Amino acid sequence: GCIAQMLEIPARIFRSLTIKIFLSLGLLGFALTGWGANYISRYWDEGDGLPLNAISDMAQTPDGYLWISTLFNGLCRFDGVRFTKFNEDTTPALRRQELRKLFVDSQGRMWMISFGGLILYQNGIFKLEQFRKCNADRLIFSDERHVVFATLDNQILRGNVQTNGDFLWKTFSVPSADQPADFCADQTGAIWYRQANGNLGRITDDDQYEPVNPGFAGQPVTALATDPSGRIWVAVGSHLARWTGVHFEDQTPTNSLGQMEISRLFFSTKGDLWAFANSRLHHWQNRRWVAKSEDLKSQLREDTTFDKGDAQGGLWLALVAGLAHLRANGELDHLSEPNRQPGSLMHCIFLDRENNLWVAYAHGGLAYIRPRFFQVIGRPEGLMDPIVSSVCEDAEVTVWIVSVGGVLGRWKKGQVT
């Protein structure tokens, strides 16, 4: 039956989707796809109403809906049960069906990047903002009166709200920007970037350019990122520094791991920092390295994105072999993909507000994944008698199970003995 009918919550409110899917897949015991014992999941394709399976991007608006863009069939909205389609026939602003990117900014406005222009969705209305091909590639800043994108050709696209409520758009190049420049913005709207010579540059909201010295004897900046609080972080070789609003403060871990060349920085949704160096991801907390991943050198895809951090301090990774979940302690779960079809490339991943992961395949549909909250212990785990009368845990975190028939079992490390 319909998942939404299991609860007294309107189906259109997407924030309830987590509860609906959890109840239908976890509590009720249904396993619709098998991504491993520690995860529950669900899968949709054209047979479930999903538009043509070439998904390009996903985003979630404040009302909870999941929006899905496609390369050939416009846009659709998902409420956890139904897919509602939008295309140039029903929505004139979608003058081209090919949508590349979706972004939801800090004000709840949704931006769509298509080969036919830049489209705004706000208060239930679609509006075509630009009538030419838009090269916007990343949303780097927004507030009530501004929105700023980095473009595919290493430029900045800035929109400023006018007194009549319309956006005035300006595209400009950045002097001496590296390729790529790693554009990011702090909480004030200032744009930070790497220069071709390895120095650090900043653009103020009045488009003034200025150099900023992060310290470390003028060594080149090797990585640049913004944390969830809008603070700028830089890596200089094995060193880390954080912008205080006045100057950079040294955040280099005191427990050195030897020679490192940090090339990228990533944050979980709760603000945990991961640094990619020497083919591993290293977890930073309070100026200490607290965990590291296995060697990822042979596992990385060229288009891998690490910036889908979870609420527990971990990361979701798209690897050559498929999806993986890096836990905060450095353990890496490689998730099997039972519904993956030959040639179905994992095109993008999206983490919603409830910490659920959505995986879109360029030619293979849509998958929902989240860690299990409960683990079932039964015959496959070695429990001889499944009718249990008593359960307790000792000081060594071993679970002892007594069945109605008087059989005593000890559950440890995933097995009953």
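# A tour by selection

Start by selecting Lys101, which is partly exposed at a relative accessible area of 25%. Here buried means under 20% relative accessible area, exposed over 50%, and partly exposed in between, with a 1.4 Å probe and protein chains only. The model is a predicted one, in which local features need pLDDT of at least 70 and side-chain atom pairs count only at pLDDT 80 or more, while totals for chains, interfaces and linings use all residues. Residues are numbered from 1 along each chain as its sequence is written, and side-chain values use heavy atoms, with hydrogens and water left out.

**Lys101 and its surroundings**

Lys101 is found in strand β6. Strands (E, at least two residues) and helices (H or I, at least four) are DSSP runs, numbered from the N terminus. Next, add the residues that touch Lys101, where contact means heavy atoms within 4.5 Å. With neighbours within four places in sequence left aside, these are Asp57, Trp111, Met112, Ile113, Ala136 and Asp137. Measure from Lys101 to Met112: the C-alpha atoms are 5.8 Å apart, although eleven residues separate the two in sequence.

**The sheet β6 to β9**

Extend the selection to the sheet. Four strands, in the order β6-β7-β8-β9, form an open sheet with antiparallel pairing. Because β6 and β9 (125–130) each have a single partner strand, they stand at the edges, and one side of each is left without a neighbour in the sheet. From one strand to the next the twist averages 20°; the axes are lines fitted to C-alpha atoms, for helices over the stretch in contact, and angles run from 0 to 180 degrees between N-to-C directions. Two strands count as paired if DSSP finds at least two bridges between them. In the interior of the list, β7 (residues 110–114) and β8 (residues 117–122) pair in the antiparallel sense over five bridges. Which residue of β8 stands opposite Met110? Select Tyr121 to see the partner.

**Thr91, in a loop**

Move to Thr91, in the loop between β5 (83–86) and β6 (99–104). Is Thr91 buried or exposed? Its relative accessibility is 8%, so Thr91 counts as buried. Apart from neighbours within four places in sequence, Thr91 is in contact with Phe86 and Phe126.

**The sheet β10 to β13**

Another open sheet of four strands runs in the order β10-β11-β12-β13, also with antiparallel pairing. Its edge strands are β10 (136–142) and β13 (167–173), each of which pairs on one side only. The twist here averages 25° from one strand to the next. Select β11 (residues 146–151) together with β12 (residues 155–161): this antiparallel pair has five bridges. One place to look is Ala150, whose bridge partner in β12 is Ile156.

**Strand β27 and its two neighbours**

Now select residues 315–319, which make up strand β27; five of its five residues are buried. In a regular strand the side chains alternate between the two faces of the sheet. Colour Leu315, Leu317 and Leu319 for one side of β27, and Trp316 and Ala318 for the other; both faces are covered.

Add β26 (residues 308–309), which pairs with β27 in the antiparallel sense over two bridges. Lys308 has Trp316 in β27 as its bridge partner. Five residues lie between the strands of this hairpin, and Gly313 takes a positive phi near 95° there.

Then add β28 (residues 322–326). Its pairing with β27 is antiparallel, over five bridges, and a hairpin of two residues joins β27 to β28. Across this pair, Leu317 stands opposite Ala324.

**Aromatic rings**

Select Trp44, Phe78, Phe83, Trp358 and Tyr368, which form one aromatic cluster. Rings of Phe, Tyr and Trp (its six-membered ring) pair if their centres lie within 6.5 Å; planes under 30 degrees apart count as stacked, over 60 as edge-to-face and the rest as tilted. A search of the whole structure finds 22 aromatic pairs.

Now show Arg77 and Tyr65. Arg77 lies over the face of Tyr65, 4.4 Å from the ring centre. The criterion for a charge over a ring is NZ of Lys or CZ of Arg within 6 Å of the ring centre and within 35 degrees of the ring normal.

**The whole protein**

Finally, zoom out. The protein has one helix and 36 strands, and buried residues make up 52% of its 417 residues. Of the contacts between residues at least 6 apart in sequence, 42% join residues at least 24 apart.
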